Amino acid sequence: MNAPEFPPLELPDFDNSFAALPEVFYTRLNPLPLPEPYVVGISDEVAGLLGLSPELLQHPEFPEIFAGNRILPGSDPLAAVYSGHQFGIWAGQLGDGRAHLLGGLRNERGHWEIQLKGAGRTPYSRGADGRAVLRSSIREFLCSEAMAGLGIPTTRALCVIGADVPIRREETETAAVVTRVAPGFVRFGSFEHWASRDRGLELQQLADYVIDTFRPECREAANPYDALLRDVSRRTGELMAHWMAVGFMHGVMNTDNMSILGLTLDYGPFGFMEAFDAGHICNHSDHQGRYTYRNQPHVAQWNLYCLAEAFLPLIKSPKQAREAIDDTYGTAFEAAFERLMCAKLGLREALDDNETFIGQTFGLLQQHRPDFTLFFRTLSRLPAEIDGRDSAKTDAALRDLFVDRTACDAWLATWRARLAQTPWDDAERQAAMLAANPKYVLRNWLAEKAIRQAKEKDFSEVRRLLTCLRNPYAEQPEFEDYAALPPDWASGLEVSCSS
Ligand code: AMP
Ligand code: MG
């Protein structure tokens, strides 16, 4: 019998704007093939953004293409160079040690670059194997899409392709390639790279590339580079507010993992806050606790100062470069954080002491450690007024998250007093809170369950989780379990930089 015939593939038209930069910015090289690749998961939404046909997603060539085994016509694979500060220390040259940019394309939905992560060594691999394991690839895939579902700026992920090739980490695992998609992958460290080498020309070429491709409005400013720096700073401030509001912890906020477009970038040992602890360290390798939940906004600002220093040759005045951050970052972060927290708390109008109340709320969470996501989701359904009802019964679902229920009651009384100052139809207020407080986040135990099954070649849990996390604010009775506290088996889960 002949093999079934598949129609010729309709493939995207690449425009490869990054590859149009001078060759010092990257090394051209093809991905290293993986034998017998198979599909682990595909995001239909990202396929739609790229304009990939449903036939392509089903095609037997699909895993070959996104494992890097088959080079698409028009694609111009390359690995980019960058440098950066890691854990607060200058690390010198880094670069895409295991990422191949296949190319860029433009359609009515935007400009998209497609990158394979884990497709083999590059000149920037620094002795490492250029591969990624199935575990970390599933985590990056699911979390990129979960963050998009939450409405948080992020790189996206088209698919995970697996192969039964052993990869040595702390234990031997198998290989996978995750296909990432974003308007661009330029990092703070991409600028630090040229600044550290006194290469003003390349620095300016890179800044011009970013402005012309992504931020043309900066050209209108007296100093377009100053405008770009302010834009990055503002977006980074807003991004931090989003992370804090959903309890997301990145885990490795090195300057080479910070996107010049203000996107969440490079998912590694990230975590979502469960039992609240502002000092939580989600990255097992972060021995000093540099990247705790509470430090994230400060670290982002520190990283922005590194970027501002790299911009000095373009802005000339150190004072002006520093002001570009100081004028924008704090206000962008605080305004977005207050807006998001007020939405989470159901406070419609900005009262003058909201900040104090938000602080009190975090104080309550820190002292009593309820699950962060469940706290706000459960709160969303409580009535604004008790009027004669038995409050212990009415508030039972929230009180159950606390050992010390009187502390919960006292905070609830303050919360209700504030709600009374910002009158709002209660059904409307509850609906608004439910739209601001996700029911589903990618808890470590959920990712772990999907990974364990995937290791046994059952990818159904990856698909189910993706479906659920697409609509994190909606009630999805079929996924009720995914909103639960971590089960006992998950209490010792640890994630490190090893991926
Ligand atoms: P990360 O901490 O994951 O952002 O990685 C820091 C740097 O190490 C980046 O330049 C990565 O490309 C590189 N890297 C991490 N893991 C590997 C690997 N398995 N093979 C090659 N390069 C890697
Ligand atoms: Mg990185």
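Let me start with a cut-off: buried means under 20% relative accessible area, exposed means over 50%, and partly exposed is in between. Take Asp212, then. Its relative accessible area is 47%, so Asp212 is partly exposed. Keep those cut-offs in mind. We will use them again.

One caution before we go on. This is a predicted model. How confident is it? The protein averages a pLDDT of 95. Of the residues, 97% score at least 70. Look at the elements. Helix 2, residues 54-58, has the lowest mean pLDDT, at 93. Helix 7, residues 224-246, has the highest, at 99. The general rule still holds: where pLDDT is low, predicted coordinates should not be read in detail.

Back to Asp212. This residue sits in helix 6, residues 200-214. Which side chain does the side chain of Asp212 contact? That of Arg219, in a polar contact at 3.1 Å.

Now Arg215. This arginine lies in the loop between helix 6 and helix 7. Buried or exposed? The relative accessible area of Arg215 is 10%, so Arg215 is buried. Its side chain makes a polar contact as well. The partner is the side chain of Asp231, at 3.1 Å.

Next, the strands. Start with strand 9, residues 156-168. Strand 2, residues 38-42, pairs with strand 9 in the antiparallel sense, over 4 bridges. For a landmark, find Ile42. Opposite Ile42, in strand 9, stands Cys159.

Strand 9 also pairs with strand 10, residues 172-182. How many bridges join strand 9 to strand 10? There are 10, and the two strands run antiparallel. Strands 9 and 10 form a hairpin, with 3 residues between them. Here the landmark is Pro166, which stands opposite Thr174 in strand 10.

On to the ligands. Ligand 2 is a magnesium ion. Which protein atoms are its donors? They are OD1 of Asn257 and OD of Asp266. Both lie 2.0 to 2.1 Å from the ion. Asn257 and Asp266 are both buried.

Ligand 1 has 16 residues around it. Gly95, Gly97, Arg126, Gly130 and Asn257 come nearest. So Asn257 turns up twice: as a donor to the magnesium ion, and among the residues nearest ligand 1. 

Now the polar atoms around ligand 1. A polar side-chain atom of Arg98 is 3.2 Å from a nitrogen atom of ligand 1. An N or O atom in the side chain of Arg169 lies 3.3 Å from a nitrogen atom of the ligand. For Asp266, a polar side-chain atom is 3.5 Å from an oxygen atom of ligand 1. How much of ligand 1 does the protein cover? On its own, the ligand has 480 Å² of accessible area, and the protein covers 82% of that.

Last topic: backbone angles. Most residues other than glycine have a negative phi. Two residues here go the other way.

Lys316 is not a glycine, yet has a positive phi of about 75°. Where is Lys316? In the loop between helix 9 (312-315) and helix 10 (318-326). Lys316 has 65% relative accessibility, so it counts as exposed.

Arg369 has a positive phi too, about 55°, and is not a glycine either. Look for Arg369 in the loop between helix 12 (354-368) and helix 13 (372-380). At 40% relative accessibility, Arg369 falls between the cut-offs and therefore counts as partly exposed.

Definitions and conventions: Residues numbered from 1 in each chain as written. Chains lettered and ligands numbered in written order. Predicted model: local features only at pLDDT ≥ 70, side-chain atom pairs only at ≥ 80, totals over all residues. Heavy atoms only, no water. Pairing = 2+ DSSP bridges. Donors = N, O, S within 2.8 Å, 3.2 Å for Na, K, Ca; no water. Buried < 20%, exposed > 50% of the residue type's maximum accessible area, 1.4 Å probe, protein only. Near = heavy atom within 4 Å. Polar contact = N/O pair within 3.5 Å; in protein donor to acceptor, adjacent residues only side chain to side chain. Areas by Shrake-Rupley, 256 points an atom, 1.4 Å probe, with all protein chains shown as cover. pLDDT = per-residue confidence, 0-100.
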